[in-house]
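Student: I am new to this structure and would like a close look at a single part of it. Could you choose one helix, go through it slowly, and then lead me on to what lies around it and beyond?

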Amino acid sequence: MFLEYNNVVSAKKGCVFIDMAALSDIYLQEATEGDSRLLFEWVNDPVARRNAFQTAYIPYEKHMEWFHNILNNHAVKQYILYYKEIPVGQVRLNIEDGIGLIDYSIAPDMRGQGFGVLALNLIQEKAKKEITEVIKLVGQVKYENTASIKVFEHCGYVPRKEKEYIVFTLDLRQ
């Protein structure tokens, strides 16, 4: 259920309505070393693990090694999604050959409020304006992750069914 109290996103008969005046309170910020603990907690959330392609718990040392590597990798863009200065999710682009492979998740206590749609919309705008080498955004979603399937569909991504997951594609040149 979408919550109306935040005056940003609400739902009525399956449609999402966004209060454009409140969008200035929602933004992406590049991740820093200080975000490592928060991302560690989010990545090991049971729902996040279940929806990931690698479902095993991630030890802190392994997470820190991975996090340090992505912060120093120019082909990876890691962002924290904020709403009114509160971190509510993360979005990452792994960039290769003009394709930005999306990984996103929403904080456990913020799910179901429309932040997934906002995260994808913001990363799309950022890719168009700032990460100009990206011409196509792609998301890979397991069939049982119905929430993410709905988010990608709502944002206009074109689905293609594979054996174990759905590939969602959005051409940024159109």
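**A helix and its surroundings**

Tutor: In this predicted model, the residues His-63, Phe-67 and Ile-70 of helix α3 are buried. Because these three cover an arc of only 65° around the axis, they lie on the same side of α3. The general rule behind this is that an α-helix has 3.6 residues a turn, so residues three or four places apart point the same way. The face of α3 turned away from that buried side carries Glu-61, Lys-62 and Glu-65, which are exposed. As for what covers the buried residues of α3, the elements include α1 (36–43), β4 (76–83) and β5 (86–96). The helix itself has 12 residues, and from its first C-alpha to its last it reaches 16 Å, close to the 16 Å expected at 1.5 Å a residue.

Let us turn next to aromatic rings, beginning with a charge placed over one of them. Arg-37 lies over the face of Tyr-60, at 5.0 Å from the ring centre.

The structure as a whole holds 9 aromatic pairs. One of them is formed by Phe-53 and Tyr-165, which meet edge-to-face, with 5.3 Å from centre to centre and 80° between the planes. This pair links distant parts of the chain, since Phe-53 is in the loop between α2 (46–51) and α3 (60–71) while Tyr-165 is in strand β9 (residues 165–171), 112 residues apart. Phe-53 counts as partly exposed because its relative accessibility is 42%, and Tyr-165, with a relative accessible area of 24%, is partly exposed as well.

A further pair is made by Tyr-104 and Phe-152, whose ring centres are 6.0 Å apart and whose planes stand at 70°, so this pair is edge-to-face. It too links distant parts of the chain, with Tyr-104 in strand β6 (residues 99–106) and Phe-152 in helix α5 (residues 146–154), 48 residues apart. Tyr-104 counts as buried because its relative accessibility is 15%, and Phe-152 is buried with a relative accessible area of 2%. Ring pairs also join Tyr-104 and Phe-152 with Tyr-157 and Phe-168 into a cluster.

The strand β9, where we met Tyr-165, deserves a look of its own. Of the 7 residues of β9, 5 are buried, so this strand is largely enclosed by the rest of the structure. Strand β7 (residues 136–142) pairs with β9 in the antiparallel sense, over 7 bridges, and within this pairing Val-138 has Thr-169 of β9 as its bridge partner. Strand β8 (residues 158–161) also runs antiparallel to β9, and 4 bridges join the two. Here the bridge partner of Val-158 is again a residue of β9, namely Thr-169. With 3 residues between them, β8 and β9 form a hairpin.

To close, consider a residue in a loop. Asp-109 lies in the loop between β6 and α4 (115–129), and because its relative accessibility is 62%, Asp-109 counts as exposed. Asp-109 and Val-88 are 21 residues apart in sequence, and from C-alpha to C-alpha they are 8.3 Å apart in space.

Note on methods: Residues are numbered from 1 along each chain as its sequence is written. This is a predicted model: local features need pLDDT of at least 70, side-chain atom pairs count only at pLDDT 80 or more; totals for chains, interfaces and linings use all residues. Side-chain values use heavy atoms; hydrogens and water are left out. Rings of Phe, Tyr and Trp (its six-membered ring) pair if their centres lie within 6.5 Å; planes under 30 degrees apart count as stacked, over 60 as edge-to-face and the rest as tilted. Buried means under 20% relative accessible area, exposed over 50%, partly exposed in between (1.4 Å probe, protein chains only). A charge sits over a ring if NZ of Lys or CZ of Arg is within 6 Å of the ring centre and within 35 degrees of the ring normal. Two strands pair if DSSP finds at least two bridges between them. The expected span of a helix is 1.5 Å times one less than its number of residues. The arc is that of the directions from the helix axis to the C-beta atoms. Contact means heavy atoms within 4.5 Å.
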